[in-house]
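Good morning, and thank you for coming. I should like to take you through one model, beginning with its charged pairs and ending with its nonpolar surface.

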Amino acid sequence: MFLLLFCGPLGAQSKHTLSGYVTDARGEELIGANVFIHGQTRGTITNTYGFYSLTLPEGKYKIECSFIGYQSQMTDVNLNQDRQVKFRLEESTQEIQSVEVYAEGKDVNIRKVEMSTNTLPMKQIQKLPQLLGETDIIKTIQLMPGVLQSSEASGGFHVRGGGVDQNLILLDNATVYNASHAVGFLSVFNADAIKDVKLYKGGIPAEFGGRLSSILDIHMNEGNKQEFHGAGGVGTITSRMTVEGPVIPGKASFIVSGRRSYADIFLPFIKDSLASESVLYLYDLSAKVNMNLGEKDRVFLSGYFGRDVVEITDLISQDFGNATLTARWNHVFNNKLFFNSTTVYSNYRYDLGMEDDLFNVNWITNIEDYSQRFDFMYYLNPENTVKFGVQAIQHGFSPGTIEGMIDTMKVEYQIPEILSREFGVYASNEQELTSWLSIQYGLRYSYFQNIGPGQSVVFDTSDPQSYMPVDTLHFSEDTVFNTYNRGWEPRFAIRITTGPLSSVKASYNRMYQYIHLASSSTASLPLDFWFPSSPNIKPQQADQIAAGYFRNFDNNIFEASVEVFYKWYKNSIDFKDHAQLLLNDAYEGELRIGKGWSYGVEFLLRKQTGKLTGWISYTYSRSFKQIPEINHGEPYPANYDKPHDFAIVLSYDLNDRINFSGNWIYTSAPPRTMPTSRFEYGGMIAPVYSDRNTVRIFPYHRLDLAFNWRLNKVERRFNHYLNFSVYNAYMRKNPLMISFSQNDEDPLQTDATMYYLYQIVPSITYSFKF
């Protein structure tokens, strides 16, 4: 794979390496900062931890460092030996951003090999309209091309024709299995604690694996190493507070960020007894500490804990949430070799309780991960950046447990817990062959095992419609009773520069997915449960090819791109009609396996400088499945097949105190299976349904508006702001679901009832920074 690695000019001139870190004034490492020779394009970018390495022939250089939103910095370097230089960038004013900051760094979308990615600056996200006064990363991601909202009752999203479970959401490398609070109203990510958000839709690097469609890579802030600061806000339903500062000035820092809703505080004052005796709140807590142990070693410890709690008197209770913990160690072996060790714990748990005079029952589902990974980055020379590493994950699944009392009888039922292990090893190289041609190539190998104690249900496959269980095999502790070991995953990308302001790119990647989501709805809900591949369920596989043209205009002020993609799936999973998933220890018999494919074209026009910023995106895409036992074996649209998706996102700075923003989105109606006629049998009226997913009802569209106002006239130590937002400004009744029922007066008439969540949601938020 690395035959091309050492291609390039050979010479006797001695070379030396310039390396170091790029941070902002607070000491936060900057991801993706440009470090290059002034006046040239030759250079490098910082990695996830702000580290860079640049090997050059001996000589004197003027080295420049730039990053979006910061003033460029230059320094003279006499590179007669290996040297370390640390850049510390100051934030720019609006005027400087418009003129200077992007002079060298804004054409990164043209020069970089990677395609099918979206990086979102947190400052831009925080200016957009906010549902219930909360900045939402997931809702912003859904405004990008190729990304579809699952539903308004869900924080899930679909990327290039994939399901909600085919997105790997990482918070400091820890998997977040349910990214929504309050049934999709809010995401679990507190924007005050987030540093960087990047979405990979295609051309996915070899260091990532485990999902078919996308990687959403989110990093938390590390805390100010120089001085104490804070930020907070009081919104319509939540309040938040963040505190950060040095533990050892210049060497160690911390950040703690918390958020809680307070609707439950007002419930006791409501006259209705059902509401006054209920409990309703959500909260999350993020924390991170980091410390420099010397010039070559850094350690990080970060965690997240969040819950949603709903109790409707004593009748029903709901408690669900995520917990993650990440420990990392960075080590610089020398100016060219960077190492990172990451240890991760991740947990998602859902509890549902029901109680009345006759019974008291709790239903519990849980998934728990322990993982370890070692990643290396070797800066061979300016033309070659090599990455390699290994990863191991142990998954623990508890698909469902019921415990409680029915009358005087104790009830306890559990679907047996399932253990599995997932391994991955990878290597890749990004290579600049000429000034106009760069490639990225890599290979990942993944490996999966089912581990005892556990069981495997044997099904009668002679009747593919029923899959009746005929036996159950039991396995003792630590027994490996199933293995999938053919997970070769090649990755390749190429960039050809066609001019100073344009390039053409193409990519290919293969992905395997070993864990899957069982859902009784078209959206991702807390009641869903995860399950692993097994002797009955093969890993899903997806191959994707993509190509695109990237062009900048007007001195790099406007960025434009068009990308096309085609993706094909093996072992694609769907559920038979009327599948029974919950508390079914033979749930694998409800699944059906086949193939699938998706394709589309994405357009993006983006402006990131000046008073007016934002983007316009349009996506045309289709997604289909073909499974022998479903829809008579004929192809049918996936539940999330929405051909047209259009978004306009704009933000305007009237001055340095006042900002207006808005977004409008339009999405085609999703396909559904609905009754198209009826028949009478035995005095009963029964519906006749359409073929799978052949009916579309109403498209989705919505306008959101926001007004942001800094209350103090000039920037000070203490600054405070007001945000006024209107979600769904023209009160569109977007359907959440449609139910059908027999008319009470005329049994031959069927009534359709549309349900929607809300028409218009105004909010006001007061926030502050100090």
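Let me begin with charge. D24, R26, E28, K195, E222 and E244 are joined in a network of salt bridges. Please bear in mind that we are looking at a predicted model. In total, the count of salt bridges comes to 33. As general background, side chains of opposite charge can pair when their charged atoms come close.

Three individual pairs deserve a closer look. Where do the partners D76 and K62 lie? The salt bridge between D76 and K62 has its closest N and O atoms 3.1 Å apart. D76 belongs to strand β6, residues 73–79, and K62 to strand β5, residues 59–66, so this pair ties together parts that are 14 residues apart in sequence. D76 is exposed, at a relative accessible area of 59%, whereas K62 is partly exposed, at 37%.

The second pair is D172 with R328, a salt bridge whose closest N and O atoms are 3.2 Å apart. Here D172 sits in the loop between β12 and β13, while R328 is in strand β23, residues 316–332; the pair therefore ties together parts that are 156 residues apart in sequence. Is D172 buried or exposed? D172 is buried, with a relative accessible area of 0%. R328 also counts as buried, at 5% relative accessibility, because the cut-off for that class is under 20%.

The third pair joins K387 to E207, with 3.4 Å between the closest N and O atoms of the salt bridge. K387 lies in strand β26, residues 384–406, and E207 in the loop between β16 and β17, so parts that are 180 residues apart in sequence are tied together. K387 is partly exposed, with a relative accessible area of 25%, and E207 is buried, at 12%.

I turn now to the chain as a whole. Its secondary structure comes to 6 helices and 49 strands. The C-alpha trace spans about 95 × 60 × 45 Å along its principal axes. For 770 residues, a compact globule would have a radius of gyration near 27 Å, and the chain has 27 Å, in agreement with that expectation. Among contacts with a separation of 6 or more, 65% are between residues 24 or more positions apart. Of the 770 residues, 55% count as buried.

That brings us to the interior. In soluble globular proteins, nonpolar side chains tend to be buried together. In this model, the largest nonpolar core has 37 residues, of which I141, L171, F189, I194, V197, L216 and W615 touch the most other members. Elements that each supply at least two residues of this core include α3, α4, β12, β16 and β41. Apart from this core lies another, of 25 residues, among them F397, A518, W530 and L581. Which residues does F189 touch? Leaving aside residues up to four places away in sequence, the contacts of F189 include I137, I169, L171, I194, I218 and R259.

Finally, the surface. The accessible surface comes to about 33000 Å², and carbon and sulfur atoms account for 59% of that area. L612, L650, Y652, L654 and F660 make a nonpolar surface patch of about 430 Å². Within that patch, L650 is placed in strand β41, residues 644–653. L650 is partly exposed, with a relative accessible area of 40%. Strand β41 thus holds L650, and β41 is also one of the elements supplying at least two residues of the largest core.

Methods
Residues numbered from 1 in each chain as written. Predicted model: local features only at pLDDT ≥ 70, side-chain atom pairs only at ≥ 80, totals over all residues. Heavy atoms only, no water. Patch = residues over 30% accessible without salt bridge, like charges linked within 9 Å, V, L, I, M, F, W, Y side chains within 5 Å. Areas by Shrake-Rupley, 256 points an atom, 1.4 Å probe, with all protein chains shown as cover. Salt bridge = Lys/Arg side-chain N within 4 Å of Asp/Glu carboxyl O. Helix = DSSP H or I, 4+ residues; strand = E, 2+ residues; numbered from the N terminus. Buried < 20%, exposed > 50% of the residue type's maximum accessible area, 1.4 Å probe, protein only. Rg over C-alpha atoms; globule rule 2.2 N^0.38 Å. Contact = heavy atoms within 4.5 Å. Core = buried A, V, L, I, M, F, W, Y, C linked by side-chain atoms within 4.5 Å.
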